[in-house]
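Colleague: I should like to learn how the features of a structural model are to be read. May we go through one example together?

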Amino acid sequence: MKEEKKNLSRRDFLKTGSVAAGALAVVGASTFYLDKNAAKSMPREDFLRPPGAIDEEDFLYGCIKCGLCVQICPINAIELAGAGEGLGFGTPYIAPRVQACDFSCDALQCVETCPTAVLDFRPFKEEGVRAVEKAAAVPGADLSAVNPFEVQKVAMKEAVRMGKAYVNRNTCLAHKKEGFKGNPRGNGFEGVLRSPNSKAASASPLNERVYDREVCDLCIIECPIGEKAIVQKRSRSGKKLIPHVLDGCTGCGVCQMVCPTAEPSIVVEPL
Ligand code: SF4
Ligand code: SF4
Ligand code: SF4
C-alpha cells in the first residue's frame with residue numbers, strides 16, 4: 001500500500017466511475033456559490049498541482065473533478081484529494097514522495113486531456129511550436145534530421161513550473177560528504193521512474209534499482225530536466241560536491257522521490 005494515502009486512488013476512482021464524477025461535478029458546481037475567500041484555507045503547501053495548473057483559487061473553482069488527468073497519467077502520479085480537503089475535495093494533486101511526475105508520458109498528457117483548461121495546454125503548445133521553428137531556423141540545419149515531436153516534447157516539459165526544489169543542507173548526504181549504496185527507498189516502495197537517459201518506453205519500479213555513488217547525487221542524475229534544473233557544484237569551502245537547484249527546475253518532484261534519506265533532503269515547494 002502506498003504511503004501517505006489520504007486520497008482517492010486511481011483504482012477507487014475508476015471503480016466509482018461516472019456516478020462519482022457526476023456527484024463531484026455537483027459538488028464543484030455548488031461550491032461556485034460559496035465565498036471565494038474560503039478557498040484560501042486550502043493547505044496549498046501540500047498540494048503540488050499537475051503541470052499547467054492555473055492560479056490556485058481559479059483552479060479550485062474551475063476544476064470539475066472529472067478525474068481525466070488521473071486516468072490518463074501512465075505512472076499514476078496524480079491523486080484526487082479526499083473529502084477532508086474542503087473545497088479541494090476531488091481536485092488533482094501530485095505527492096512527489098509517493099510518485100513524482102517523471103514526464104514519461106512524453107506529451108504532458110494530463111494537461112492535454114483536461115476538458116476545462118484549468119491545466120492549460122496553450123503555453124506548452126506555443127513553447128513547442130517556437131522550439132521547432134528555432135530548430136528549423138538554424139543556418140544549415142538538416143531539416144530531415146529534425147524530429148518535431150522530439151523537439152516539442154523537450155521544450156514542453158522544460159516549460160513546466162509546478163514548483164521548485166529546495167535542499168535541506170542538514171540532512172543531505174552530499175552536504176555531509178557521504179555517498180550512497182543500495183536501493184534508495186527500500187523494497188516496499190511502489191513508485192516507478194523512467195531515468196532521463198533511458199531508452200525504455202515506460203517507467204520501471206524504483207525498488208529494482210541499486211545505486212553505488214561515491215558522493216550522493218541521486219537527485220542530480222535522475223532529474224528529468226538535467227543540468228538546466230539541478231547541477232553538482234563545489235561548496236564555498238571547495239571541500240564538498242553538493243546539489244544546486246537552478247531556475248530551470250520544473251518542480252516535478254523526481255528528486256524528492258529518489259532521495260535516500262529517511263525524510264527527503266530535497267523537497268518541492270509549489271509555486
Ligand atoms: S505530465 Fe507527468 S503527471 Fe502529467 S500525465 Fe505525464 S507523467 Fe503524468
Ligand atoms: S539525493 Fe538527497 S541526500 Fe543525495 S545529494 Fe540529493 S538531496 Fe542530498
Ligand atoms: S530538480 Fe529536477 S527532479 Fe527535482 S523537481 Fe526540479 S526538475 Fe524535478
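**Cavities, ligand shells and backbone**

Modeller: The largest cavity is the space taken by ligand 1. Please bear in mind throughout that this is a predicted model.

Colleague: How does one find empty space in a structure, and how many cavities of 30 Å³ or more does the search find here?

Modeller: A probe the size of a water molecule is rolled over the atoms, and this shows where empty space is left. In this structure, the search yields five cavities of 30 Å³ or more. The largest cavity holds about 130 Å³ of space.

Colleague: Which residues lie nearest the centre of the largest cavity?

Modeller: Of the 15 residues that line the largest cavity, C73, P74, C101, C105 and C110 lie nearest its centre. By class, the lining of the largest cavity has twelve nonpolar residues, two polar and one charged.

Colleague: Which residues are found around ligand 1 itself?

Modeller: Around ligand 1 are P51, C73, I75, I78, C101, F103, C105, L108 and C110. This shell consists of nine nonpolar residues, with no polar and no charged ones.

Colleague: Which residues form the shell around ligand 2, and how do they divide by class?

Modeller: The residues around ligand 2 include the cysteines C172, C216, C219 and C259. Also in that shell are L173, A174, L218, P243, P260, T261, S265 and I266. The division for ligand 2 is ten nonpolar, two polar and no charged.

Colleague: Are C172 and C216 buried or exposed?

Modeller: The cut-off to apply is that a residue counts as buried under 20% relative accessible area. C172 has a relative accessibility of 8%, so it is classed as buried. C216 has a relative accessible area of 11% and is therefore buried as well.

Colleague: What of ligand 3: how many residues surround it, and which are the closest?

Modeller: Ligand 3 is surrounded by 13 residues, the closest being C223, C249, T250, C252 and C255. The shell around ligand 3 comprises ten nonpolar, three polar and no charged residues.

Colleague: With cysteines named in these shells, how many disulfides does the model contain?

Modeller: The test is whether a pair of cysteine sulfur atoms lies within 2.5 Å. By this rule the count is zero.

Colleague: Let us turn to open spaces. What is the volume of the largest pocket, and which residues are closest to its centre?

Modeller: The largest pocket has a volume of about 400 Å³. It is lined by 15 residues, and those closest to its centre are R169, H175, K233, I242 and H244.

Colleague: Which strands each supply at least two residues of that lining?

Modeller: They are β3 (163-167), β8 (230-234) and β9 (241-245). By class, the lining of the largest pocket has six nonpolar, three polar and six charged residues.

Colleague: May we now consider the backbone? What is the general expectation for phi?

Modeller: Most residues other than glycine have a negative phi. Here, K65 has a positive phi of about 60 degrees, although it is not a glycine. N76, likewise a residue other than glycine, has a positive phi near 55 degrees.

Colleague: Where do K65 and N76 lie?

Modeller: K65 is in the loop between α2 (56-62) and α3 (68-72), and N76 is in the loop between α3 and β1 (78-80). At 2% relative accessibility, K65 counts as buried. N76 is partly exposed because its relative accessibility is 28%, and that class runs from 20% to 50%.

Colleague: How should one read contacts between positions separated along the chain?

Modeller: One sets the separation along the chain beside the distance in space. D120 and A53 are 67 residues apart along the chain, and their C-alpha atoms are separated by 6.3 Å. D120 belongs to the loop between α4 (109-113) and α5, and at 13% relative accessibility it counts as buried.

Colleague: Which residue is paired in this way with A131, and where is A131 placed?

Modeller: A131 lies in helix α5 (residues 122-137). Its C-alpha atom is 9.6 Å from that of K153, 22 residues apart along the chain. A131 has 19% relative accessibility, so it counts as buried.

Colleague: And what is the case for F89?

Modeller: F89 is in the loop between β1 and β2 (92-94). The C-alpha atoms of F89 and L60 are separated by 9.2 Å, with these positions 29 residues apart along the chain counted as their distance apart. F89 is partly exposed, its relative accessible area being 23%.

Methods
Residues numbered from 1 in each chain as written. Chains lettered and ligands numbered in written order. Predicted model: local features only at pLDDT ≥ 70, side-chain atom pairs only at ≥ 80, totals over all residues. Heavy atoms only, no water. 1 Å grid on protein atoms, 1.4 Å probe; cavity = no way out; pocket = protein on both sides within 12 Å on 5 of 7 lines; lining within 4 Å. Points joined across faces, edges and corners; volume = space filled by probe spheres on them. Helix = DSSP H or I, 4+ residues; strand = E, 2+ residues; numbered from the N terminus. Nonpolar A, V, L, I, M, F, W, Y, C, P; charged D, E, K, R; others polar. Buried < 20%, exposed > 50% of the residue type's maximum accessible area, 1.4 Å probe, protein only. Near = heavy atom within 4 Å. Sits in = over half its atoms within 2 Å of the grid points.
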